[in-house]
Amino acid sequence: SDKSQETHLYVCTHAARDCRCGETGGAVFRALLAEVAGRKREDVKVREISHVGGHVWAGNVLSYPVGDWYGKITPADVPKLLDAVLSRTIWGEKWRGRGFLAPAEQAALLASAPSQPRPLAPLPARAKQDTSDRAYNVPLTFELWDGRRVRTQASLGESLMELCRALAEEGERAFDAVEGVCGGNLECATCHVYLLPPGVPLPSSPPPLGAAGGGEIEEAPPVPAMSEAEEDMLAYGIGVREGLSRLGCQIRVTRELGEWCERGGRVGVPRF
Ligand code: FES
């Protein structure tokens, strides 16, 4: 076919960071293939891609050459999505935006969309952080997937996710494993870390949840109990280990956490 007339649809099916894209994206990918084949549209190419950002919007579908991004697509949405893509209109309810356009231009386009425009809800604002004592330095120990231990100074009150992001930006790429895609809003599981009591090794090949070894863990980390919301979101993490795994955005640096590290506790960073 004339390649200049082709439409390309890319579906995020990346499952190694957060299983939502792998599960939903895979089903959407297969539904799109079937729909395109049923319509005999050889000019529409459907491909799997990885990690476009925004696990919370799974299934994520990108449409080119127009450059529209769609989110929260289900297999049942596929016919309507394809109608919008092929007619070069947008489906406002599922539209995440269009690359190459400024925010104001995208808003104007959404307002003129034929379907009832209802943009996806923005991420909620982050909870305000108590910064009254941030100058205090807390020594923390991280253990990286390759066995290295990193001692660092943390600010009282910052989250382990924020600290890992800062360390990644300072150049230690192993901390890239803690992405914090949703900014700490409990809408992803990409801030997964292990809290490793003294003597407990970093899970190198973590078994599934529930398969952790028995025995009471000594020197449990001095952190708040997991909320139901954290527990729900943690279930989407990769390599989750019962009793060791937490979401880094939910753990604040405290003096007690620093003292626990002095006694041999470590924050384990999963392998990317
Ligand atoms: S950063 Fe998304 S849940 Fe922690």
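Reading the sheet and the cavity

Q: How many bridges join strand S1 to S2?
A: In this predicted model, strand S1 (residues 7-12) is joined to S2 by six bridges, and the two run parallel. One pair in this ladder is cysteine 12 with isoleucine 49, the latter in S2.

Q: In what order do the strands of the sheet stand?
A: Strands count as paired if at least two bridges are found between them. Here five strands give the order S2-S1-S3-S4-S5, in an open sheet with mixed pairing.

Q: Why is one side of strand S2 and of strand S5 left without a neighbour in the sheet?
A: Strand S2 (44-49) and strand S5 (95-98) are the edge strands; each has a single partner strand, so one side of each has no neighbour in the sheet.

Q: By what angle are neighbouring strands of this sheet turned against each other on average?
A: The average is 20°, with direction ignored.

Q: Which strands does helix H2 lie across?
A: Helix H2 (residues 78-86) lies across S1, S2, strand S3 (61-64) and strand S4 (68-70). Relative to S1, helix H2 runs at about 140°.

Q: How many cavities of 30 Å³ or more are there?
A: A cavity is space where a 1.4 Å probe fits but cannot get out. The count here is one cavity of 30 Å³ or more. The largest cavity holds about 30 Å³ of space.

Q: Which residues line the largest cavity, and of what class are they?
A: The lining consists of Ser63, Val66, Asp68, Ala84, Val85, Arg88, Thr89 and Arg98. By class, three lining residues are nonpolar, two polar and three charged.

Key. Residues numbered from 1 in each chain as written. Predicted model: local features only at pLDDT ≥ 70, side-chain atom pairs only at ≥ 80, totals over all residues. Heavy atoms only, no water. Helix = DSSP H or I, 4+ residues; strand = E, 2+ residues; numbered from the N terminus. Axes fitted to C-alpha atoms, helices over the stretch in contact; angles between N-to-C directions. Contact = heavy atoms within 4.5 Å. 1 Å grid on protein atoms, 1.4 Å probe; cavity = no way out; pocket = protein on both sides within 12 Å on 5 of 7 lines; lining within 4 Å. Points joined across faces, edges and corners; volume = space filled by probe spheres on them. Nonpolar A, V, L, I, M, F, W, Y, C, P; charged D, E, K, R; others polar.
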